[in-house]
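Please take me through this model in the viewer, one selection at a time. Tell me what to pick next and what is found there.

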Amino acid sequence: MSRRSQLRALYRALDEANSYEQWHEAALAHDVFTGVDAWRADDDSSHVDAPQVRRDIRQMRSLRESNQPRKLAALLQESLYRHGSDLADPDLYGVALAGPKHFVADYLDEVTAAIAWLAAAEAVPKAERLHGFVRAARVYGRTALMLSGGATLGFHHLGVVKGLFELGLLPEILSGASTGAMIAAGVCARNDEELAEMYADTDQIRLDGLLPVGPVEGLRRGALLEPAQLESVLRHNIGPATFAEAHAHSGRTLNISVSPTRLRQKPRLLTYLTAPDVTVISAVMASSALPGLFPPVELRQREGEGDELPHLSGERWVDGSIYEDLPKLRLARLHNVNHFIVSQTNPHVLPFVRHHGQQGLRPAIAGLTSAAVRSYGAYATDVTRRATRRAPTPVRQVADQAYALVSQDYRGDIDLHPQFHWRLYKKVVSNPSRDDLTAFIREGQRSVWPKIAQIRDQTRIRRALDAAVDQLRAQEPLRR
């Protein structure tokens, strides 16, 4: 077999993998065959001071072995401050399929071992240990999974969540807009056991949320789809919980973006902190109300077992993707999030972001072209927006919405998106079949697997800090 044929066989094994384990095995074989495994084993790096990393590893291990917890804590803080941003450099993950250079894993192994050892170091009072880890976790920040809009293409998010959930890497904080709000809400309304049960039997998910009302009725309503049908499906798939109830039940933090219909109103991010009594279903309905397809939605709230009442009476809300598909700044302020994993499926965005992070001449040219088109679009819509300041309100709203759609930042620290196929656009506004759902989930999982090493490494320290805090809090109450 020729070298080219062997390489094709390796790529075919990657494409045909049915699990992350199979994909990773094929990735390792690819790296050996292409020789990049030697790159992984070589400490030489233009991105990280590898000799200093190795010195820190040796010193942390020595301080553990000599039982010096306070010196180890000081070194750990200094080392993470020194190397943290360097070790998160995407270029470390852009050469080998199976992961970055080996010294990265060696360093993370030692750091997590040091955190676990410090959590159990009885030479330091428990209260001091707990306070130190809580403070360290606060400083280190948190990770959020952000699910974009995308109409029917947004069902890919189910595969993204599944891929992360099965490997224990699903963040506790999720945000969603439009279809992303539907998926995020369904995930955050379920605890781990219920989520595993849903993925084991996806037939329980209703897929018939889009019901056309007919052209005459659609013109009369100003909306082509029946909102009552979507609400019925959401009630089945999500349940009746409020944001506070969903958070208490699952332990996950749901965030849903909604856009205003009034010019002076601002976009909102609904979560258990800002809208605890708002029903998740009304928020998802609002976030999914794409103008022309669904009518604007009034948010509803409920306290305990009482009746549902209007929330911000008189205000109506529409598709969250219009103004804030990825509410990074609000997540940072509300939840101390500083690391964003983005699953992007918006039809108007996918052609422009699918080359992001790829190496080579073709992705570079495609990226430059996409940037130029996006820049021109932002300029053109901004000119239109300013030129219509004195136009009737509906015209100004359309101009503002067009500018918001084009000018948003649709990328995160780690970007996931399905393989781009123009034929997918035929399914954008249609109910998926059972076969479609299976394909969407599988493609969503496949989009995660090449990023697992990066996600696992860049969330590993925070997960270790959280485990230390949980361990200390689970122990006997602190003595006064």
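## Stop 1: Ser259

Select Ser259, which is buried, with a relative accessible area of 1%. The model is a predicted one, and every value on this tour is computed from it. Ser259 belongs to strand β3.

Show the side chain of Ser259 and look for two backbone atoms around it. One is the backbone oxygen of Asp319, which the side chain reaches at 2.7 Å. The other is the backbone nitrogen of Tyr323, at 3.3 Å from the Ser259 side chain.

## Stop 2: the rest of strand β3

Extend the selection to residues 253-260, the whole of β3. Is this strand mostly covered or mostly open? It is mostly covered, since eight of its eight residues are buried.

In a regular strand, side chains point alternately to one face of the sheet and the other. Colour the two sides of β3 separately to see what each holds. Thr253, Asn255, Ser257 and Ser259 are on one side. Leu254, Ile256, Val258 and Pro260 are on the other. Both faces are covered, and the residues on each are buried.

## Stop 3: the partners of β3

Keep β3 on screen and add the strands that pair with it, taking them in chain order.

- Add β2, residues 173-176: β2 and β3 run parallel and are joined by four bridges. Ile173 stands opposite Thr253 of β3.
- Add β4, residues 268-270: this strand runs antiparallel to β3, with three bridges between them. Here Val258 faces Arg268 of β4 as its opposite residue.
- Add β7, residues 317-318: the pairing with β3 is antiparallel and rests on two bridges. Pro260 stands opposite Trp317 in β7.

## Stop 4: the second largest pocket

Hide the strands and turn to the second largest pocket, whose volume is about 1200 Å³. To find its middle, select Leu80, Ala136, Tyr140, Ile461 and Leu465, the lining residues that lie nearest the centre. The full lining has 41 residues.

Which elements supply at least two residues each to this lining? Select α5 (69-87), α6 (102-119), α7 (126-140), β1 (142-147), β8 (337-343) and α21 (452-474). Of these, α5 gives the most, with 12 residues.

Now colour the lining by residue class: 21 residues are nonpolar, 12 are polar and eight are charged.

## Stop 5: salt bridges

Switch to the charged side chains. How many salt bridges does a search of the whole structure find? The search finds 21. Three of them can be visited here, beginning with one in which α6 takes part.

Select Glu110 and Arg64, which form a salt bridge with their closest N and O atoms 3.0 Å apart. This pair links distant parts of the chain, with Glu110 in helix α6 and Arg64 in helix α4 (residues 50-65), 46 residues apart. Glu110 counts as buried because its relative accessibility is 4%, under the 20% cut-off. Arg64, at 24%, is partly exposed.

Move to helix α11 (residues 215-221) and select Arg221 and Glu217. Their side chains meet in a salt bridge, 2.9 Å from N to O. The two residues are four apart in the helix, so about one helical turn separates them. Arg221 is partly exposed at 36% relative accessibility, and Glu217 is partly exposed as well, at 24%.

Next, go to helix α12 (residues 227-238) and select Glu231 and Arg235. Their salt bridge has its closest N and O atoms 3.3 Å apart. Glu231 and Arg235 are four residues apart in α12, about one turn of the helix. Glu231 is partly exposed, with a relative accessible area of 32%, and Arg235 is partly exposed at 37%.

Then select Glu217, Arg220, Arg221 and Glu226 together: salt bridges with shared partners join these four into one network.

## Stop 6: Asp436

Finish at helix α20 (residues 434-448), where Asp436 is found. Is Asp436 buried or exposed? Asp436 is buried, because its relative accessible area is 18% and the cut-off for buried is under 20%.

Add Thr152 to the selection and draw a distance between the two C-alpha atoms. Asp436 and Thr152 are 284 residues apart along the chain, and their C-alpha atoms are separated by 9.8 Å.

How values were computed:
Residues are numbered from 1 along each chain as its sequence is written. This is a predicted model: local features need pLDDT of at least 70, side-chain atom pairs count only at pLDDT 80 or more; totals for chains, interfaces and linings use all residues. Side-chain values use heavy atoms; hydrogens and water are left out. On a 1 Å grid over the protein atoms alone, a cavity is a set of points where a 1.4 Å probe fits but cannot get out, and a pocket is an open set with protein on both sides within 12 Å along at least five of seven lines; lining residues have an atom within 4 Å of a point. Grid points are joined across faces, edges and corners, and a volume is the space filled by probe spheres set on the points. Ala, Val, Leu, Ile, Met, Phe, Trp, Tyr, Cys and Pro count as nonpolar, Asp, Glu, Lys and Arg as charged, and the others, Gly among them, as polar. Buried means under 20% relative accessible area, exposed over 50%, partly exposed in between (1.4 Å probe, protein chains only). Two strands pair if DSSP finds at least two bridges between them. A polar contact is a pair of N or O atoms within 3.5 Å; within protein, one must be able to donate a hydrogen and the other to accept it, and residues adjacent in sequence count only if both atoms are side-chain atoms.
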